[in-house]
Amino acid sequence: MHILGSFKQESLVALVALILAISFSLSLDSYASWGNAIALMRSMAILGVFALGMIIVIIGRGIDLSQIAIGMVSAAISVKLLAAGMTLPLALLAGLAAAMAMGSINAALIHALAIPPLFTTLTSVFVFVGLARVSILPSMIINLPSQQTGLVAVGQNWHSVPIPVMVFGACALLTHLFLHATTMGRFIYAYGDNAETARLSGMPVTAIVISQYVLCALLGFVAGLLMVSTTAMVDLKTVNSTMIFDVILVVVIGGGSLAGARGGVASVLAGLLLIGVLLNGMTLMDVNAQLQNIIKGGVLLAVIMVDHWLHPYDEEDARQSV
Amino acid sequence: MNATIKMTIKTGISVLALAISATASPTVMADNNPRAQMRMDFDQAVKGKTVAWVPITLGNPIGDMWTAVMRENFAKYGIKFLVRDPNFSSTAQLQAVTSLINQKPDVLIVQNANVSLLTKELRRAMDNGIYVVQVNLLSNQASDAYVGVDYVDVGRQIATDIVAECGGGKSSGKVALVQGEVTATDSIDQMKGAMEVFNKDKSIKVVSTQAAKWDSSKANALTATTLQQHPDLCATYGFWGTMQQGAAQAVKTAGLQGRVKVYASSDGPRADCDLVEQKLFHKILSFRADVQGEQISNAVLSLLQSGNKPGSKRITLLSNNYWVSGKNERNYCYDLPK
């Protein structure tokens with residue numbers, strides 16, 4: 001048990017994913033193929049980019065429930081402007097600005113007014129989507145004009161590797177470098193560990209909070225664009241879906257902690273691997289939706305139980321912040 | 001001589017008739033003239049009446065098209081039109097219906113989110129003297145009118161076409177179905193109709209029946225995975241055009257455009273026909289929300305003129321389905337009014 005206990009949660013999750021993958025490949029033809037691995041990675045790329053944004057916020061002991069809304073609304077603004085005849089760079093710039101503005105509003109409310117991030121971002125979903133709907137997005141479904149091939153090309157493959165997977169890879173690398181090789185990244189861990197000490201030590205706490213939520217929003221925008229590139233449309237209904245919980249699930253199961261200062265890009269990768277292997281296998285076996293939910297819930301519960309057994313409850317868990 | 005007398009009598013009768021008709025009041029004249037009476041009766045029955053409408057949501061093509069057509073029709077005849085947008089929330093829809101019943105409109109139109117949510121309220125509306133029209137999904141409570149699609153038949157029609165194109169050894173016979181929400185009645189009904197047809201044909205093999213929850217991005221991911229396992233797939237059939245657009249893009253990304261036939265049932269938004277023209281969709285079966293909007297309006301006008309007690313009789317108006325397989329059928333899709 002002691003040796004097992006030294007395992008980090010992400011390693012444990014990756015191990016479970018590996019065992020699952022092996023058992024699927026024994027029971028399913030052509031499961032263990034390069035093609036299927038590619039399909040698995042492709043299906044996880046969008047969720048992965050969202051999760052990279054989320055882990056930055058969660059490390060800083062926050063949470064952003066409005067991330068999907070920000071991503072979809074800002075991507076929808078870009079698509080709407082493209083449909084109105086704007087050039088691609090300008091439309092993307094407008095979407096980017098919208099995402100940054102929404103991220104900054106979240107940060108301002110959380111930091112300046114000291115409203116808990118859970119409530120702030122839960123309510124900002126309604127404000128962001130509502131404002132967008134009454135102003136420039138009256139329709140929830142916005143189709144990408146067919147002559148706009150640039151964005152759709154991002155959803156295709158490059159030498160049999162899906163471009164969304166490469167985008168995810170690049171985002172993962174940049175996020176990792178940000179968290180571990182920059183001062184601001186290290187500050188976010190410190191702030192997540194103990195916000196008060198961080199403030200008393202003279203860390204720029206305002207900048208820390210703003211950078212967390214703006215980066216989360218930016219990665220949300222990238223994920224939103226990836227979604228547009230794969231489906232050639234924006235459906236704002238996604239905002240009402242349970243996707244945000246999948247994002248948080250990926251982060252938390254891989255080793256991110258809502259108590260802050262734990263996890264990193266490796267946790268996102270491990271969480272994605274487990275969820276990806278599970279969903280991919282169940283899709284191939286054509287398992288029905290209800291059974292899928294039971295299996296998904298069961299596996300997640302098992303991982304959490306094993307984690308608790310290996311890493312017993314401590315005072316850190318008692319100070320949940322969000 | 002005789003002829004002259006006859007002529008004189010005839011003229012006399014004509015003059016008399018003219019004199020009588022000239023002294024008669026205009027109302028009496030109209031009473032005897034059904035052509036003039038028609039519009040007066042119509043206006044009397046419908047003018048100044050109030051119609052309330054609660055869809056599942058606005059902001060999507062189908063809801064917006066229905067609403068636009070109804071608004072135009074009702075405005076033309078001086079009918080007051082109230083619209084509430086529950087934005088996909090069942091509780092908001094129930095609240096909207098409850099408060100509208102208390103406002104006592106003459107007709108209440110609802111698009112049911114499921115078969116049970118509004119049953120009690122629809123009964124209460126009819127008990128309070130309000131005509132109830134249900135759209136596209138009949139709840140467990142029957143009402144004065146139902147306007148909408150027979151989704152079991154839609155499933156049957158599309159499956160029959162797939163069998164014709166993929167069955168009998170012409171291809172692998174492999175078919176993937178992309179369901180909506182598995183608990184949604186329109187999804188369940190299409191599944192029932194489709195499986196009825198597929199089960200009868202030994203050459204068809206349904207390899208996937210995953211649910212994409214009406215989400216094009218999920219349909220995209222599911223289809224990509226299915227195509228990986230079954231690159232020889234003959235057809236994929238999505239239970240809603242907008243959702244199936246994601247599957248069409250997955251087929252294109254896999255380099256199988258034209259080889260895997262992408263089918264969808266559709267309410268006929270322009271984007272669906274565009275995809276047919278771009279050969280991303282093979283065929284869609286469109287039930288045309290614009291025509292349905294006219295059907296709903298006509299059902300309301302009929303009920304207001306019927307004189308029936310609300311809840312006493314039932315009428316059903318089924319939507320027609322139109323195949324769209326190319327540019328020539330582009331008029332079976334609608335453009336939203338600006």
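**Salt bridges, rings and surface in a predicted model**

Reader: Is B:R123 buried, partly exposed or exposed?
Author: In this predicted model, B:R123 counts as partly exposed, because its relative accessibility is 32%.

Reader: Which residue forms a salt bridge with B:R123?
Author: The partner is B:D127, and the closest N and O atoms are 3.1 Å apart. B:D127 is exposed, with a relative accessible area of 56%.

Reader: How are B:D127 and B:R123 placed in the helix?
Author: They are four residues apart in helix α6 (residues 119-127) of chain B, so about one helical turn separates them.

Reader: And B:D153, what does its side chain meet?
Author: It meets the side chain of B:R156 in a salt bridge of 3.5 Å, N to O. Both residues lie in helix α7 (residues 151-166) of chain B, three residues apart, which is about one turn of the helix. B:D153 counts as partly exposed at 25% relative accessibility, and B:R156 is partly exposed with a relative accessible area of 30%.

Reader: Which residues do the shared salt bridges join into one network there?
Author: The network consists of B:D153, B:R156 and B:E196, joined by salt bridges that share partners.

Reader: How many salt bridges does the structure hold over all chains?
Author: There are 14 over all chains. One of them pairs A:K296 with A:D246 in chain A, at 3.8 Å from N to O.

Reader: Why does that pair tie together parts that are apart in sequence?
Author: A:K296 lies in helix α14 (residues 289-310) and A:D246 in helix α12 (residues 243-253), so the pair ties together parts of chain A that are 50 residues apart in sequence. A:K296 counts as buried at 18% relative accessibility, whereas A:D246 counts as partly exposed at 21%.

Reader: Changing topic: how many aromatic pairs are there over all chains?
Author: The search finds nine over all chains. Among them is the tilted pair of A:F24 and A:Y31, with 5.5 Å centre to centre and 40° between the planes. A:F24 and A:Y31 are both buried. Another aromatic pair, B:F74 with B:F81, is edge-to-face, with 5.3 Å centre to centre and 65° between the planes. Both B:F74 and B:F81 are buried.

Reader: Which residues form a nonpolar patch on the surface?
Author: A:L18, A:I22 and A:L26 do, with about 340 Å² of accessible area together. A:L26 belongs to helix α2 (residues 9-27) of chain A and counts as exposed at 75% relative accessibility.

Reader: Lastly, what is the secondary structure of chain B?
Author: Chain B has 12 helices and 12 strands. Of its 338 residues, 53% count as buried. Its radius of gyration is 27 Å, against near 20 Å for a compact globule of 338 residues.

Methods:
Residues are numbered from 1 along each chain as its sequence is written. Chains are lettered from A and ligands numbered from 1 in the order in which they are written. This is a predicted model: local features need pLDDT of at least 70, side-chain atom pairs count only at pLDDT 80 or more; totals for chains, interfaces and linings use all residues. Side-chain values use heavy atoms; hydrogens and water are left out. Patches are made of residues with over 30% relative accessible area and no salt bridge: like charges are joined within 9 Å, nonpolar side chains (Val, Leu, Ile, Met, Phe, Trp, Tyr) within 5 Å. Accessible areas come from the Shrake-Rupley method with a 1.4 Å probe; for residues, only the protein chains shown count as cover. A salt bridge is a side-chain nitrogen of Lys or Arg within 4 Å of a carboxyl oxygen of Asp or Glu. Helices (H or I, at least four residues) and strands (E, at least two) are DSSP runs, numbered from the N terminus. Buried means under 20% relative accessible area, exposed over 50%, partly exposed in between (1.4 Å probe, protein chains only). The radius of gyration is taken over C-alpha atoms; the globule rule is 2.2 Å times the number of residues to the power 0.38. Rings of Phe, Tyr and Trp (its six-membered ring) pair if their centres lie within 6.5 Å; planes under 30 degrees apart count as stacked, over 60 as edge-to-face and the rest as tilted.
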